[in-house]
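Trainee: Please show me how to read helix packing and charge pairing in a model.

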Amino acid sequence: MSDLRRAFADGKAFIPFITCGFPDLETTGKVVRAAAENGADLIELGIPFSDPTAEGPVIQGANIRALAGGITTDKVFEFVMELRRDVKIPLVFMTYANVVFSYGAERFMARCCETGVGGIVIPDLPYEEKDEFSAVAKQYGVDIISLIAPTSANRIAMISKEAEGFIYIVSSLGVTGTRTEIKTDIGDIVRTIRENTSVPCAVGFGISTPEQAAKMASLSDGAIIGSAIIKIIDKYGRDAAPYVAEYVKSIKEAVRNC
Amino acid sequence: MSQSKGRFGIHGGQYIPETLMNAVIELENAYEHYKNDPDFNRELTDLLNNYAGRPSLLYRADKMTADLGGAKIYLKREDLNHTGSHKINNVLGQALLAKKMGKTRLIAETGAGQHGVATATAAALLGMECVVFMGEEDTKRQALNVYRMKLLGADVVPVKSGTATLKDAVSETMREWTSRIDDTHYCLGSVMGPHPFPTIVRDFQAVISRESRAQILEAEGRLPDAVIACVGGGSNAIGSFYHYIPDEGVRLIGCEAAGRGIDTFETAATVNTGRIGIFHGMKSYFCQDEYGQIAPVYSISAGLDYPGVGPEHANLHDTGRAEYVPVTDDEAVNAFEYLSRTEGIIPAIESAHAVAYAMKLAPTMDKDKIIIITISGRGDKDCAAIARYRGENIYE
């Protein structure tokens, strides 16, 4: 059992996503701390992958630049270890199946446990394949976060029943990236989830403005934002932390009481 | 409890985003229904025979046999199919299936452009929309095929991400499919990706060995001693091997693109240099670094320039039923020229990898032995690139 539920204790949750090592780990450290100090309830840390098939151009670019800068899975674990000296909010990883598989699932989960990472989002690990990692993850108290998509339909109940930590609702078809409009009936998906589990659920993909975040959080237990934050880091580079702080504050204010 | 499907030994599976799961389940259900549907099979056979020109010849290569001085060599002539390669076998099957499923739009990845051309062709014939994703690097190497696809009414999208080659084209086609599923079928070109693709593509390509087995029995009264085919993702190879898998006496040899050599980083020989991993929807062998980052691969052949291999091949390697050998750019180019001069057949540079290995193997075998080489495609598309390789600049 992980500590992820803690993230949903202070009103609706705000979950920012940050790619580790973009543009470098020192900046990632500053940005993560800025987010944690300004209202982030949980942070999703991306471990870069060379071929991130679920990502749009913004996060793809961050992955490629981070890898070009020499980031590795081992360096990410060392970084989180250092981060944990003062960052106490729940953390999860976001990465692709091959990064975990290649590291060795057991070794990977053991290090998550050691560094206090309570969960992992693996976009290319659907329900049918999760047993490959979930048994060993459970042993180390790491939740494999289930994703539910606009196309999940008859699969929502099945996925919800075995969900742990929180459920990641994918708001839209396609890949990550900011969108002007989200058309999926999120309320309908959440109703089906609630009938099957008490695990909290947060909505991600396509959210960038406080209004969108508030709307998605009002329909669920929280909002997840990735590309919009990566864009800020891309724009301000090593000086991004105060801008991320300001952005995180505005989103948390928008979602907390909706 | 979840249940993983589509395994070949430990390989295969369905490692894809949740967004696509119902799409592959729908595809699997449709395929399970139509593969036994007499009307569907009649229609497909009619297209294969009267449109694509099947059955393809099994040609006895007497001059090559005499020149190499060993085993008797036959060529399975997939290059004679309409559109010039084996790709049409799979595409006609999938396009017809997609149409039955009510899809109106085909999307596809392509490396050398042969699968893209075949998909654009089927889309034109069946009145479907078509978008082909092709690595920007490959659009330059295979400019003629880009023009052919456009001529056939397809949109060609150059993919700039990553290494701008086949793997990036696959990633981008998957991304496109995630964003538009309702009316769109992903017409995957090789025996790779998530279940059910490796099975569907293999079944549609198995026509190669179904024919060649009957043809060699007719010609020689016995089975061959070796079947040789080139392997990128592995669709022509699995099609060439499939009906011989139970015949233990038939050696099955897949020729991987070694590029500048398997002891260099400029290679695409996945089974010879890769490790087990999870990518593009499947567990299989991949060229990757110690942290699982997919390696940039290299081959002179845009069609074999892929860092993975189909899961059924991975399993045939694990069980020892098939052998996978590396063939370098140099060896392939020599074979390309050799077959052209010796038999008057210009093979695709992909297929030339299989010819190259046969040139090494045949002289070591007795004259009463038989080798079948699959010529997966024709080499017209490669002439400019090979000329450049030889230092001659010609304009297409």
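Mentor: We take one helix pair, then the salt bridges. This is a predicted model, where local features need pLDDT of at least 70, side-chain atom pairs count only at pLDDT 80 or more, and totals for chains, interfaces and linings use all residues. Residues are numbered from 1 along each chain as written, chains are lettered from A and ligands numbered from 1 in written order, and side-chain values use heavy atoms, without hydrogens and water.

Trainee: At what angle do the axes of helix 3 and helix 5 of chain A cross?

Mentor: Axes are lines fitted to C-alpha atoms, for helices over the stretch in contact, with angles from 0 to 180 degrees between N-to-C directions. Helix 3 (residues 73–83) and helix 5 (residues 105–115) of chain A cross at roughly 20°, their axes coming within 9 Å. The two helices are therefore roughly parallel (angles under 35 degrees).

Trainee: Which residues of helix 3 of chain A meet helix 5 of chain A?

Mentor: Contact means heavy atoms within 4.5 Å. A:Thr73, A:Asp74, A:Phe77, A:Val80 and A:Met81 in helix 3 meet residues of helix 5, including A:Phe108 and A:Arg111.

Trainee: How many salt bridges are there over all chains?

Mentor: A salt bridge needs a side-chain nitrogen of Lys or Arg within 4 Å of a carboxyl oxygen of Asp or Glu. The count is 49 over all chains. In one of them, B:Lys381 meets B:Asp382 at 2.8 Å, N to O.

Trainee: Are B:Lys381 and B:Asp382 buried or exposed?

Mentor: Both are buried (under 20% relative accessible area, with exposed over 50% and partly exposed in between; 1.4 Å probe, protein chains only). B:Asp62 pairs with B:Arg60 at 2.8 Å. B:Asp62 is partly exposed at 40%, and B:Arg60 is partly exposed at 42%.

How values were computed
Helices (H or I, at least four residues) and strands (E, at least two) are DSSP runs, numbered from the N terminus. Angles under 35 degrees count as roughly parallel, over 145 as roughly antiparallel, 65 to 115 as roughly perpendicular and the rest as oblique.
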